[in-house]
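Student: I have the sequence and the model open. Can we go through them with a few short questions?

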Amino acid sequence: MLPETWPATLGPVICVVGARPNFMKMAPILRAFAAHQPAIPTLLLHTGQHYDRDMNDRLFEDLRLPEPDINLEVGSGSHAVQTAEVMKRFEPVVDAHQPACVLVVGDVNSTLACSLVASKKGVPVAHVEAGLRSYDRAMPEEINRVLTDQIADLLYTTERSAAANLAAEGIGGERVRFVGNVMIDSLLSNRQYARAPAATIAAAGGDAALIGGAAGYGVVTLHRPSNVDEPEMLAALLGVLREISAALPLVFALHPRTRNNIERFGLQNLIDTPRMLMLPPQGYLEMLGLMAGARIVLTDSGGLQEETTALGVPCLTLRDNTERPITVDQGTNTLVGRDIAAIREQTAAILAGHGKSGRVPELWDGQAAERIAADLAAWLIERRC
Ligand code: UD1
């Protein structure tokens with residue numbers, strides 16, 4: 001039996017966000033913690049890894065996230081600098097607030113940095129979206145995932161394959177809880193508010209007529225260093241996307257890293273066609289509307305692989321691996337790597353009506369955050385008593 005109010009001897013749960021993909025995961029968790037009986041007190045801590053209006057403020061507004069209680073304002077930097085700055089600035093926060101737990105989501109540098117500080121201070125760490133593995137150590141996120149999971153006390157997973165990955169790394173079942181996918185909680189609760197694609201394009205100064213034709217349109221996002229940091233690779237990808245755009249107009253939501261690299265490598269000529277519409281990073285509700293209306297999504301994002309599966313929209317993932325295999329096994333996702341011929345062929349197959357329709361995975365039902373709230377509250381209260 002849980003008490004009616006949060007025990008006075010237990011501190012708050014510090015909920016950490018750092019970068020864009022964290023925000024849609026944390027929003028439903030904060031709401032579920034507030035609605036739980038007893039309410040779980042939280043402090044929302046933003047590390048400041050993402051900071052500008054397009055990458056940060058618009059998402060906070062769309063997701064109805066409260067202003068962070070604490071902002072570490074670390075900004076951009078090399079991985080070492082960014083991780084170290086978060087650690088240095090997070091330590092005094094933990095000392096000052098004596099949290100019952102530090103809750104981290106996903107796999108960004110802030111996730112690992114805050115987990116490391118908390119665990120060395122003996123503060124329990126809860127990791128949401130644990131156990132995903134691409135088995136590609138060249139991805140910075142993979143290192144962050146492996147290390148965070150090793151030191152987390154509670155590991156909340158989105159798909160059953162995660163438990164096997166964790167078991168293979170010696171992480172026992174008693175720490176692992178399969179709760180479903182908080183990203184899909186956000187998607188389902190916001191779907192009704194998704195912005196119409198034509199309105200999104202018009203608001204960005206584009207010509208909405210581009211996507212109004214019978215062919216429909218495709219959505220593209222690219223930002224992984226492996227795809228956009230080398231001129232040859234980026235040029236090859238933009239080249240095949242330009243080819244595809246002759247048949248299907250493409251709407252890009254350009255990540256700052258990609259935009260900078262297109263300029264730096266002098267590749268503007270490859271995107272200089274009215275059939276490829278370049279937009280700045282989009283808000284959550286704009287992106288949801290664009291994806292839901294698309295015939296195909298081409299991406300290297302982790303989140304979009306899951307969101308397209310939930311929406312039933314065919315997705316081609318421009319990576320050699322995925323840490324989210326259920327989107328391929330059960331959902332609408334197909335891995336095409338950076339193989340230009342495969343991108344061309346698989347896109348043609350989808351446009352010919354042979355895309356996967358898929359099904360929605362187990363527990364991607366909009367209730368994952370409630371399961372986390374119930375489990376975490378019970379665990380913290382029992383541990384304290
Ligand atoms: C980070 C995450 C990645 C996530 C991605 C989503 C890590 C290791 N990577 O990568 O997992 O998929 O966020 O976007 O944590 N920049 C801005 N404005 C901002 C933030 C960044 O212009 O608000 C620029 C920076 O100057 C930098 C570039 O974008 O050059 C990359 O930002 P950074 O946070 O280093 O990593 P991401 O590539 O965004």
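**The ligand and its surroundings**

Student: Which N or O atom in a side chain lies 3.0 Å from an oxygen atom of the ligand?

Tutor: This is a predicted model. A pair of N or O atoms counts as a polar contact within 3.5 Å. At 3.0 Å, an oxygen atom of the ligand pairs with an N or O atom in the side chain of His255.

Student: Which residue offers a polar backbone atom to an oxygen atom of the ligand?

Tutor: Side chains are not the place to look here. Follow the backbone to a polar atom 2.9 Å from a ligand oxygen. That atom belongs to Asn109.

Student: How much of the ligand does the protein bury?

Tutor: Start with another contact: an N or O atom in the side chain of Arg257 is 3.1 Å from a ligand oxygen. Now take the ligand alone, and it exposes 740 Å². Of that, the protein buries 85%.

Student: Which elements give two or more residues to the shell around the ligand?

Tutor: The ligand sits in the largest pocket. Look at what contributes two or more residues to its shell. The elements are α1 (20-35), α3 (79-97) and α11 (256-264).

Student: Why does the ligand lie between domain 1 and domain 2?

Tutor: Domain 1 covers 13-180 + 364-384, and domain 2 covers 197-351. The ligand lies between them because residues for its shell come from both domain 1 and domain 2.

Student: How many charged residues does the shell have?

Tutor: In total, 18 residues surround the ligand, with Asp52 and Glu141 among the closest. By class, 5 are nonpolar and 8 are polar. The number of charged residues is 5.

Student: Which residues does a cis peptide bond join?

Tutor: Go to the loop between α1 and β2 (42-46), where Pro38 is found. The omega there is about -5°. The bond joins Gln37 and Pro38.

Terms used:
Residues numbered from 1 in each chain as written. Predicted model: local features only at pLDDT ≥ 70, side-chain atom pairs only at ≥ 80, totals over all residues. Heavy atoms only, no water. Near = heavy atom within 4 Å. Polar contact = N/O pair within 3.5 Å; in protein donor to acceptor, adjacent residues only side chain to side chain. Areas by Shrake-Rupley, 256 points an atom, 1.4 Å probe, with all protein chains shown as cover. 1 Å grid on protein atoms, 1.4 Å probe; cavity = no way out; pocket = protein on both sides within 12 Å on 5 of 7 lines; lining within 4 Å. Sits in = over half its atoms within 2 Å of the grid points. Helix = DSSP H or I, 4+ residues; strand = E, 2+ residues; numbered from the N terminus. Nonpolar A, V, L, I, M, F, W, Y, C, P; charged D, E, K, R; others polar. Domains from an automatic or database assignment.
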